[in-house]
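Colleague: Could you take me through the packing in this one, close up? I'd like one part looked at properly, then whatever around it helps me place it.

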Amino acid sequence: MPPIVWDLHPRKKGAESEVGTCQECQGQGRIECKECDGKGTVEKDCDECDGQGNLEKAKCQECDGEGSIESECEVCEGYGMKECEACSGTGKRTPFLN
Ligand SMILES: [Zn+2]
Ligand SMILES: [Zn+2]
Ligand SMILES: [Zn+2]
């Protein structure tokens, strides 16, 4: 019976995979858009009424009196996710780059 050979370098293995995988996106290549918290839309003050919700004495039609409007997030174009800049969307990172 040959002796069982244990992996003597589990740490090294782990380190290697850490280097290969982009930590920013956990290897996904995409990260949640911080601008919109992954929702894909952002709420911003209505330009028409300056966030007041009404114009003079009438309800603002543009935002239906809400004072804010939901619009597509420009950063992620409404996807809620955007390409990871750290790895250019590849999900991998080498120690020689970045
Ligand atoms: Zn408005
Ligand atoms: Zn976004
Ligand atoms: Zn990444």
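Modeller: Let's begin with Cys22. Skipping neighbours within four places in sequence, Cys22 is in contact with Gly27, Cys84, Ala86, Cys87, Gly91, Lys92 and Arg93. Keep in mind that this is a predicted model, and that each contact here comes from its coordinates. Two of those partners, Cys84 and Cys87, turn up again with Cys22 in the largest nonpolar core. That core has five residues in all, and Cys25 and Ile31 complete the set. To count for a core like this a residue has to be buried, with 20 or more other C-beta atoms within 10 Å of its own.

How much of the chain is buried? Of the protein's 98 residues, 15% count as buried. As for the framework, the protein has one helix and six strands, and along the sequence they follow the pattern α-β-β-β-β-β-β. Contacts often reach a long way along the chain: among those between residues at least 6 apart in sequence, 61% join residues at least 24 apart.

Now back to the core's surroundings. Glu32 lies in strand β1 and is partly exposed, because 15 C-beta neighbours fall inside 10 Å. Its C-alpha atom is 8.8 Å from that of the core residue Cys84, and the two are 52 residues apart along the chain. Beyond its neighbours within four places in sequence, Glu32 is in contact with Gly38, Gly80 and Met81.

Met81 is a handy link, since Cys76 touches it as well. Cys76 sits in the loop between β5 (68-72) and β6 (81-83). Is Cys76 buried or exposed? Cys76 is buried, because 23 other C-beta atoms lie within 10 Å. Leaving out neighbours within four places in sequence, its contacts are Cys33, Glu35, Cys36, Gly40, Met81 and Lys82. Cys33 deserves a second look: its C-alpha atom is 6.4 Å from that of Cys76, with their positions 43 residues apart along the chain.

Lys34 belongs to the loop between β1 and β2. With 10 other C-beta atoms within 10 Å, Lys34 is exposed, because 12 or fewer is the cut-off. The C-alpha atoms of Lys34 and Lys82 are 9.1 Å apart, though the two residues are 48 apart along the chain.

Over in strand β2 (residues 41-45) you'll find Lys44. It has 12 C-beta neighbours inside 10 Å and therefore counts as exposed. Setting aside neighbours within four places in sequence, Lys44 is in contact with Ser68, Ile69 and Ser71. For Lys44 and Ser71, which are 27 residues apart along the chain, the C-alpha separation is 7.5 Å.

A couple of backbone details are worth checking on your screen. Most residues other than glycine have a negative phi, and most peptide bonds are trans. Gln26, however, has a positive phi, near 55°. Gln26 is found in the loop between α1 (10-20) and β1 (30-32), and it counts as exposed because it has 12 C-beta neighbours inside 10 Å. Asp64 is another non-glycine residue with a positive phi, of about 55°. The place of Asp64 is in the loop between β4 (58-59) and β5, and with 11 C-beta neighbours inside 10 Å it is exposed too.

Last, a word on confidence. The protein averages a pLDDT of 85, and 80% of the residues score at least 70. Over residues 14-18, though, the pLDDT is below 50, and this stretch has zero contacts in the model beyond near neighbours in sequence. Where pLDDT is low, the predicted coordinates should not be read in detail.

Definitions and conventions. Residues are numbered from 1 along each chain as its sequence is written. Chains are lettered from A and ligands numbered from 1 in the order in which they are written. This is a predicted model: local features need pLDDT of at least 70, side-chain atom pairs count only at pLDDT 80 or more; totals for chains, interfaces and linings use all residues. Helices (H or I, at least four residues) and strands (E, at least two) are DSSP runs, numbered from the N terminus. Two residues are in contact if their C-beta atoms, placed from the backbone, lie within 7 Å. A nonpolar core is a set of buried Ala, Val, Leu, Ile, Met, Phe, Trp, Tyr and Cys residues joined through C-beta atoms within 7 Å. pLDDT is the predictor's confidence in each residue, from 0 to 100.
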